[in-house]
Amino acid sequence: MRVVFCGRWNKHSSAYDETKELWRVREALDRGRASAGALRRAQDAATALLLSQLERLGLDTVSDGGLRWDSLYDVARRIGGCSGFTRLIRIPETNHFHRQPVATLPLRWEGPILLEDLAFARAHTRLPVAVTLPGPYSLARQTENYRAVGLERLAEAYAGVLRQEIASLLSGGAAFVKADDPQILMHPEDARLIRHAAEILTEGLDRSRIGLSTWFEDVSVFPEYFALPFGLFFLNLTGNGKSAEALRGLPHDRALGLGIVDAYQTYEEQPEELSGRVRSIGSQRSESTVMVTTNTDLAYLPWDRALEKLGSLVAWARLGEGKGER
């Protein structure tokens, strides 16, 4: 069974020289005592370290951990029509914050945002590399003036810009692009506009290489969740299991990323616990359409503990395959 990691990594909790240097340079830059080039070199070194460690663990697909960005939503800083970034707001269901953009329509894609990051990652690992972007609905909700602009208009505008970014990343060799859009499950009353934004986001692209992740809530709260136009769905299976029940009727050509490792907790799941979470999906899915991963980003755990949890997942997956676990 394939083991993937696609998301953000915790760069705050690490004793490695590369991450210490990253924070030293970052603080020096804020005081005007370092250059943007020095920051880039420090980011490169920390990213290369993480990629080498992930490859040694034996994962099948990796990502760069977003070590260059303060928040997933920071990609808005490179979107034409977004400005401000002064008001600090909490990211729902997390202890993380970001500075909100102020949006002025029309929004514009002014060129690749994460393509250089992807190219660097691909040059520093032999493994396929996946990329995470914010979903248009959550990005709209996290925009300071979304009420004034209109939530629907803003979500559609972000979807159009992010669609161009996804096209750039897929052309640039990304294994897949995952849209993290957790707030769609917090607002199922907006199902119509969410579906429309998702159609814009994926229109004309290879949807088999575009995934949706919603992290926190039970997907059964959203009507026709699996009818959304994505070829890959990431599910959090560490909770009450209702997400697994909602899978009935999912077309067999859709792929699944099963979040069976709890990225919030430091404890190590036992093999039987992981097996039970996968077993909840049943035997109706073909091996080629299933991958296993964490239930959310690994930005909540210390660096080394995150590596240990991923290593245990790899060990379980290899043992499970050998014994015909599924």
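Buried, in this tour, means under 20% relative accessible area, exposed means over 50%, and partly exposed lies in between, with a 1.4 Å probe and protein chains only. The model is predicted, so local features need pLDDT of at least 70 and side-chain atom pairs count only at pLDDT 80 or more, whereas totals for chains, interfaces and linings use all residues. Residues are numbered from 1 along each chain as its sequence is written, and side-chain values use heavy atoms, with hydrogens and water left out.

**Stop 1: an aromatic cluster**

Begin by selecting tyrosine 225, which counts as buried because its relative accessibility is 3%. Add phenylalanine 226, which is also buried, at a relative accessible area of 11%. A search of the whole structure finds 12 aromatic pairs, where rings of Phe, Tyr and Trp (its six-membered ring) pair if their centres lie within 6.5 Å, and planes under 30 degrees apart count as stacked, over 60 as edge-to-face and the rest as tilted. Tyrosine 225 and phenylalanine 226 make one of these pairs, edge-to-face, with 5.1 Å from centre to centre and 90 degrees between the planes. Next select phenylalanine 230 and phenylalanine 233, an edge-to-face pair with 6.3 Å between centres and 75 degrees between planes; both residues are buried. With Phe222 added to the selection, you have the cluster that ring pairs link together: Phe222, Tyr225, Phe226, Phe230 and Phe233.

**Stop 2: charges over rings**

Select lysine 178 and phenylalanine 234, where the charged end of the lysine sits over the ring, 5.6 Å from its centre; the criterion is that NZ of Lys or CZ of Arg is within 6 Å of the ring centre and within 35 degrees of the ring normal. Then move to lysine 309, whose charged end sits over the ring of tyrosine 267 at 5.0 Å from the ring centre.

**Stop 3: salt bridges**

The whole structure holds 20 salt bridges, each being a side-chain nitrogen of Lys or Arg within 4 Å of a carboxyl oxygen of Asp or Glu. Select arginine 68 and aspartate 44, whose side chains meet in such a bridge at 2.8 Å, N to O. Arginine 68 lies in the loop between helix H2 (36–57) and strand S2 (79–90), while aspartate 44 is in helix H2, 24 residues apart, and the pair thereby links distant parts of the chain; helices (H or I, at least four residues) and strands (E, at least two) are DSSP runs numbered from the N terminus. Arginine 68 is buried at 11% relative accessible area, and aspartate 44 counts as buried at 19%. Extend the selection to the network of salt bridges that links Arg40, Asp44, Arg68, Glu116 and Asp117.

Now select arginine 192 and glutamate 152, which meet in a salt bridge at 2.9 Å, N to O. Arginine 192 lies in helix H7 (residues 191–202) and glutamate 152 in helix H6 (residues 151–171), so this bridge ties together parts 40 residues apart in sequence. Arginine 192 is exposed, with 51% relative accessible area, whereas glutamate 152 is partly exposed at 28%.

**Stop 4: helix H9**

Finish with helix H9 (residues 271–279), whose buried residues are Leu274, Ser275, Arg277 and Val278. Looking down the axis of H9, you will find these buried residues within an arc of 160 degrees, so they line one face of the helix; the arc is that of the directions from the helix axis to the C-beta atoms. Turn to the face of H9 directed away from its buried side, and select the exposed residues that it carries, Glu272 and Arg279.
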